[in-house]
Amino acid sequence: MTVGRSIRRQLTIWLIGPLLLVSGTLLVTTFFEAQERATSVYDRMLAAVALSFAQHVYVDGNGEIGVKLPFSILAYWDSLSDEHLYYAVVDVRTSSSIGYPGLPVGLKEPDELGVPVYYQGFYRDTPVRVAYMKGIAGGVGEAVPYNVIVAETMGQRTAETHSMLLHSAIRLTLLVVVASAVVWFGVYRGLRPLRNLERSVRRRSPEDLRPISYETPPETKALVDALNGFIARLRHSLEALEDFAGNVGHQLRTPLGVIRANMSLAMRYETDPVKRELLNDAATSAYDLSHLIDQLLLMSRARARRADQAKFEIIDLGEVLADIMREDAPVSARAGLELELEQNEPESSLFVAADTVLIEGLFQNLLDNAKRYAAPGNVVVSTHRESGNAVVIFQDDGPGIDPGVADAAFSRHPQFAVGHGLGLAICADIARHFGGSIALVKSHKLKGAAIKVCLPLCHQGDND
Amino acid sequence: MARALEHIGHVVDAVGCGLEADAALVAESFDLVVLDLSLPGMDGLDVLRELRSRGSDAAVIVLTARTSLKDRVSGLDIGADDYIAKPFDLTEFEARVRAVLRRRTGKTRKIIKSGRLSFDFDGRRVMVDGAIVDMPKRELDILEALLCRSGRVVPKSDLIEAISSFGEDLSEKAIELYISRLRKRLAGSGHAIRALRGIGYLLDEENQ
């Protein structure tokens, strides 16, 4: 499986990308607006200065132009702090000027007298904003046309523009950050049903093939439906496989029974010891084969029933053990095996919630295992309670089992080579399925192996 | 199975399907019917039901591949005398056949004969090689219970039930005492009572 792009990242990119684009555009427009606003405010002040100059232009007795710098202009000058204000009043007739020479002039021509025009230029290598205005000074003599040029360095208005831009940028950045966080966590929250679904599928045991049934939002319903459909198909195919295994097992039993019966009969007719031994070997193999089929059938049943929690019932372990051993005892007795059931608890007190068929299979398998190693000898099955568990111990006086071999035999993936076939692995599987455990323990009564099964006790009231 | 039964001296008719079995059982009477439950044509349990509905008292042993104890004993509920799960040991099968036939004969002739031992239901007496063995009523009752289920384990609780009269409270120790006395009386009869601790008692022919 390849991991695609993260939905969360994709959604964040798709939501934050356009937001960043809009923010950038807003920032650019804000810059121009700020610039325009600063220009408009400062230009009006510049115009006021130019008009003040114009109002104080006079023509002296020699017909020369002069200007009295008004107090208000000087006060404004001071208020500009780091800024520089340059001015010039030019006599149009003689082109003589008062004030700063060389100010940029005539880049725009005003349309009418007394109304300034504004433009930008350079003075002393510094960018300046210029207000340029035409006027006519009247005196005792003729009217004298003049031009007023007022230039101001642009530090303050640039600073003002930058300040407005910075505030806007801060607000927009904050918006983008908050929106990103909201989207990131919103998507995280929005994807929660998917995470729940993932957890619920991950936590399931491989045998649990019930449909997913918890409430899902409409967006994930299609996914859950598809998963449930897949689970149903998987369950049907497993059931078909298990049915097949079960049917094959049943079908094999009959011919195998015939083979075993014929071998027994043939052995009775046969007097040649070599042939009798050969027949005996074949009969033993037929017995092993039928034992293996029993185990496969049990495994098939165990797998088929495990998914179905409804089949749990309250079982009296003492009664089940007594039934099984009562059934088995006559055959065992003839094979020289002495069975003993030691119930260390009052009758009908070891109740567990489980499936009767599987528990019978579990005990029968452990009994068969003990008998196989004990023969001829003794098998003692004992029961007791131990910290909330019903404990059943199968002991035999055979050669015992090596602990390493037992671990392998109890594992989920048993090796046939260990000599216990599938039996102990199936037993371990069944015990674990009902919340119990199985282990090789030290035998107290007999010298051979002791296998201890623990199953959680339940009260009969639990069934109500 | 037919060969095995012939080998021990029985005359056997074998059929391969439920319908044929039913037809054979209508046409003839048999001492023993060995009935496989999973038969083609007609289910073994239906064959058994039909047989019993006709009033036949032939002994019936059902063969079952079903492994649950409950499934196995359901055959007994509808009139089988015993059951045996496949695949089985031939010796075990023969022992069951002997025990069932003995009980069936006992019911009709009122006497069970098992080797050198005879139990006369009407006369309430036990004989070994034709000689009456004196025993108290309770030991007779226990022997009767064991003989009626010979080859199978009889739980101690069933023996208590078999010998105690209404309202009487017999202890397990008492049963152990009766069994011990019974064993002594049966010494030399070719029969032994095995005590299987925690499981019950089994009456077995010693030469088996």
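Start with burial across chain A of this predicted model: color its 464 residues by burial, and 28% of them come up as buried. Switch to a cartoon and you can page through 10 helices and 14 strands in chain A. Now turn on contacts within chain A, keeping pairs at least 6 apart in sequence: 66% of these join residues at least 24 apart.

Next, the sheet. Select S9, S11, S12, S14 and S13 of chain A, and you have an open sheet, with the strands sitting in just that order and the pairing mixed. Go to its edges: S9 (337-343) and S13 (437-441) of chain A each pair on one side only. Step across the sheet and the twist averages 15° from one strand to the next.

Stay at the S13 edge and add S14 (residues 450-456) of chain A. The two strands run antiparallel, joined by 5 bridges. For a closer look, pick Ile438(A); which residue is its bridge partner in S14(A)? That's Val453(A).

Last stop: bring chain B into view. The contact draws 28 residues from chain A and 27 residues from chain B. On the chain A side, select helices H5 (218-269), H7 (317-334) and H8 (356-374) along with S9, since these are the elements giving two or more residues to the side that touches chain B. H5(A) gives the most, with 10 residues. Color that side of chain A by class and you'll find 12 nonpolar, 7 polar and 9 charged residues. While you're there, pick out S9 of chain A again: this edge strand of the sheet is also among the elements on the side touching chain B.

Conventions: Residues are numbered from 1 along each chain as its sequence is written. Chains are lettered from A and ligands numbered from 1 in the order in which they are written. This is a predicted model: local features need pLDDT of at least 70, side-chain atom pairs count only at pLDDT 80 or more; totals for chains, interfaces and linings use all residues. Two strands pair if DSSP finds at least two bridges between them. Helices (H or I, at least four residues) and strands (E, at least two) are DSSP runs, numbered from the N terminus. Axes are lines fitted to C-alpha atoms, for helices over the stretch in contact, and angles run from 0 to 180 degrees between N-to-C directions. A residue is buried if 20 or more other C-beta atoms lie within 10 Å of its own, exposed if 12 or fewer, and partly exposed in between; C-beta atoms are placed from the backbone. Two residues are in contact if their C-beta atoms, placed from the backbone, lie within 7 Å. Ala, Val, Leu, Ile, Met, Phe, Trp, Tyr, Cys and Pro count as nonpolar, Asp, Glu, Lys and Arg as charged, and the others, Gly among them, as polar.
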